[in-house]
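Q: I am new to reading protein models and would like a close look at a single part of this one. Please go slowly and connect each step to the next.

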Amino acid sequence: MAYLKESLLYIQTQFHFGGDNITNDIAVVLDISEEEADKLKRQYGLALKSFIDNDNDIILNTCKSEVKNKVIKSSELIEIIEARIEEIFSLVNKDITTQGFKPRINNVILTGQGISNINKSDVAGKIILNIPVKISTGRLISTIKPTYRSAYSLVRYIAARPFAKTVSSSIDAKSETNIFKTIMERIKEFFYS
């Protein structure tokens with residue numbers, strides 16, 4: 001348990017930034033609808049411009065300006081995403097440094113669909129924070145109440161860690177299975193109630 005406390009420190013910063021902010025930035029800068037901005041974020045979501053394979057043309061269908069069906073390069077879209085992600089991680093870095101938490105953090109875990117669905121967001125985070133960054137998502141994440149999504153992702157991350165599977169116990173294997181089922185049932189009750 002001491003390992004767990006030292007290796008994972010859950011910090012809720014005073015900033016509430018995420019995927020919705022990225023969507024809003026895209027909509028405002030490109031002068032398009034939020035729906036199209038979200039679709040573009042999901043389709044071309046990349047956190048670092050340096051990882052672009054092909055600089056494709058993108059046709060903007062809901063452009064509010066006089067120019068209908070405006071065409072931009074995917075690099076322009078990714079620049080918008082990269083700027084917001086850099087700001088998010090810079091604010092987190094400043095916050096954890098100011099609070100004195102940074103020396104005690106071994107890993108940062110990204111949760112939430114907005115930022116974790118953007119490719120290379122973990123790499124961007126590691127560059128800015130200088131701490132290993134991992135992404136924790138789940139196939140059922142959209143079925144979890146939004147209030148519990150971060151906790152759910154953290155539980156999934158912890159459960160997938162090798163140390164969680166190798167912790168020895170004096171309880172026989174049959175009892176371990178029953179305890180595991182009981183714990184899983186309680187977690188399900190917590191998230192789905």
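Is aspartate 25 buried or exposed, and why does it count that way?

A: Before turning to that residue, keep in mind that this is a predicted model, and that the mean pLDDT of the protein chain is 75, with 65% of its residues reaching 70 or more. Aspartate 25 counts as buried because its relative accessibility is 16%, and the limit for buried is under 20% relative accessible area. This residue has its place in helix α2, which covers residues 19-30. Leaving aside residues up to four places away in sequence, aspartate 25 touches Ile80 and Arg84. With arginine 84 there is also a polar contact, in which the two side chains are joined at 2.6 Å.

Following the chain onward from there, we come to aspartate 31, which lies in the loop between α2 and α3. Aspartate 31 counts as partly exposed, because its relative accessibility is 30%. Its phi is positive, at about 60°, although aspartate 31 is not a glycine. This deserves a remark, since most residues other than glycine have a negative phi. Asparagine 130 likewise has a positive phi of about 60° without being a glycine, and it is found in the loop between α6 and β4. Asparagine 130 is exposed, as its relative accessible area is 67%.

On the other side of the loop that holds aspartate 31 is helix α3, made of residues 34-44, whose buried residues are Glu36, Ala37, Leu40, Lys41 and Tyr44. Seen down the axis of α3, these buried residues fall within an arc of 140°, so they line one face of the helix. The face turned away from that buried side carries the exposed residues Glu35, Lys39, Arg42 and Gln43.

A strand can be read in a similar way, by asking where each side chain points. In strand β1, residues 57-60, the side chains of Ile58 and Leu60 point to one face and are buried, whereas those of Asp57 and Ile59 point to the other and are not. Strand β1 runs antiparallel to β2, residues 70-73, and four bridges join the two strands; in one of the pairings, isoleucine 59 has valine 71 as its bridge partner in β2.

Finally, a careful reader should ask how confident the prediction is in each part. Confidence in the protein chain is highest in α3, at a mean of 92, and lowest in helix α1, residues 2-7, at a mean of 38. Over residues 1-13 the pLDDT is below 50, although this stretch has 21 contacts in the model beyond near neighbours in sequence. Over residues 167-176 the pLDDT also stays under 50, and there the model has three contacts beyond four places in sequence.

Notes
Residues are numbered from 1 along each chain as its sequence is written. This is a predicted model: local features need pLDDT of at least 70, side-chain atom pairs count only at pLDDT 80 or more; totals for chains, interfaces and linings use all residues. Side-chain values use heavy atoms; hydrogens and water are left out. Buried means under 20% relative accessible area, exposed over 50%, partly exposed in between (1.4 Å probe, protein chains only). The arc is that of the directions from the helix axis to the C-beta atoms. Two strands pair if DSSP finds at least two bridges between them. pLDDT is the predictor's confidence in each residue, from 0 to 100. Contact means heavy atoms within 4.5 Å. A polar contact is a pair of N or O atoms within 3.5 Å; within protein, one must be able to donate a hydrogen and the other to accept it, and residues adjacent in sequence count only if both atoms are side-chain atoms.
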